[in-house]
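Colleague: I want to learn how to read aromatic pairs and a nonpolar core in a model. Can we work through one together?

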Amino acid sequence: MKIYFVIAFILLLLFASCGSEISKYKRGVRYENMGEYSKALKSYRASIQTDSTYALSYMGMGSVFIKNRRWEDALEYLIKANDLGISDQD
């Protein structure tokens, strides 16, 4: 019986850590849509720290910087997103 508990606990930990960059990214999108850009940037950065190859978070950072007219910062993040495989015409 203990072995099942241990296995279940390990699986729970694995599933809890899976997709955390996605949930942080989604939180960033929600903040961005509400106009809370500093919180959005914080969420996108947290997502990037979790997985530095998650291109959508770089795209989100670029989007927030565009909305704040920080063109050079936006370009840096959009180029990184493009390098990671994002191809968005916007």
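Modeller: Yes. Start with two side chains: Tyr25 is buried, and so is Tyr44. Keep in mind that this is a predicted model.

Colleague: How are the rings of Tyr25 and Tyr44 placed, centre to centre and plane to plane?

Modeller: Planes under 30 degrees apart count as stacked, over 60 as edge-to-face and the rest as tilted. The ring centres of Tyr25 and Tyr44 are 5.8 Å apart and the planes meet at 40 degrees, so this pair is tilted.

Colleague: Which helices hold Tyr25 and Tyr44?

Modeller: Tyr25 is in helix α2 and Tyr44 in helix α3, so the pair ties together parts 19 residues apart in sequence. Ring pairs also join Tyr25 and Tyr44 with Tyr54 in a cluster.

Colleague: How many aromatic pairs does a search of the whole structure find?

Modeller: Four. Another of them is Phe65 with Tyr77: the centres lie 5.6 Å apart and the planes are at 35 degrees, so this pair is tilted. Phe65 belongs to helix α4 and Tyr77 to helix α5, so parts twelve residues apart in sequence are tied together.

Colleague: Are Phe65 and Tyr77 buried or exposed?

Modeller: Apply the cut-off: buried means under 20% relative accessible area. Phe65 has 2%, so Phe65 is buried. Tyr77 has 19%, so Tyr77 is buried.

Colleague: What does Phe65 touch, leaving out residues up to four places away in sequence?

Modeller: The list is Leu41, Arg45, Arg70, Asp73, Ala74 and Tyr77.

Colleague: Now the core. What is the general idea?

Modeller: In soluble globular proteins, nonpolar side chains tend to be buried together. Here the largest nonpolar core has 17 residues, and Tyr44, Met61 and Phe65 have the most contacts inside it. Two or more core residues come from each of α2 (20–33), α3 (37–50), α4 (55–67) and α5 (71–83). The largest share, six residues, is from α4.

Colleague: How does that fit the whole fold?

Modeller: The protein has five helices and zero strands. Buried residues make up 29% of its 90 residues. Among contacts with a separation of 6 or more, 39% join residues 24 or more positions apart. About 6500 Å² is exposed, with carbon and sulfur atoms supplying 58% of that area.

Colleague: Which charged ends sit over rings?

Modeller: Take Arg30 and Lys80. The charged end of Arg30 sits over the Tyr31 ring, 5.7 Å from its centre. That of Lys80 sits over the Tyr58 ring, 5.8 Å from its centre.

Methods: Residues are numbered from 1 along each chain as its sequence is written. This is a predicted model: local features need pLDDT of at least 70, side-chain atom pairs count only at pLDDT 80 or more; totals for chains, interfaces and linings use all residues. Side-chain values use heavy atoms; hydrogens and water are left out. A nonpolar core is a set of buried Ala, Val, Leu, Ile, Met, Phe, Trp, Tyr and Cys residues joined through side-chain atoms within 4.5 Å. Buried means under 20% relative accessible area, exposed over 50%, partly exposed in between (1.4 Å probe, protein chains only). Helices (H or I, at least four residues) and strands (E, at least two) are DSSP runs, numbered from the N terminus. Contact means heavy atoms within 4.5 Å. Accessible areas come from the Shrake-Rupley method with a 1.4 Å probe; for residues, only the protein chains shown count as cover. Rings of Phe, Tyr and Trp (its six-membered ring) pair if their centres lie within 6.5 Å; planes under 30 degrees apart count as stacked, over 60 as edge-to-face and the rest as tilted. A charge sits over a ring if NZ of Lys or CZ of Arg is within 6 Å of the ring centre and within 35 degrees of the ring normal.
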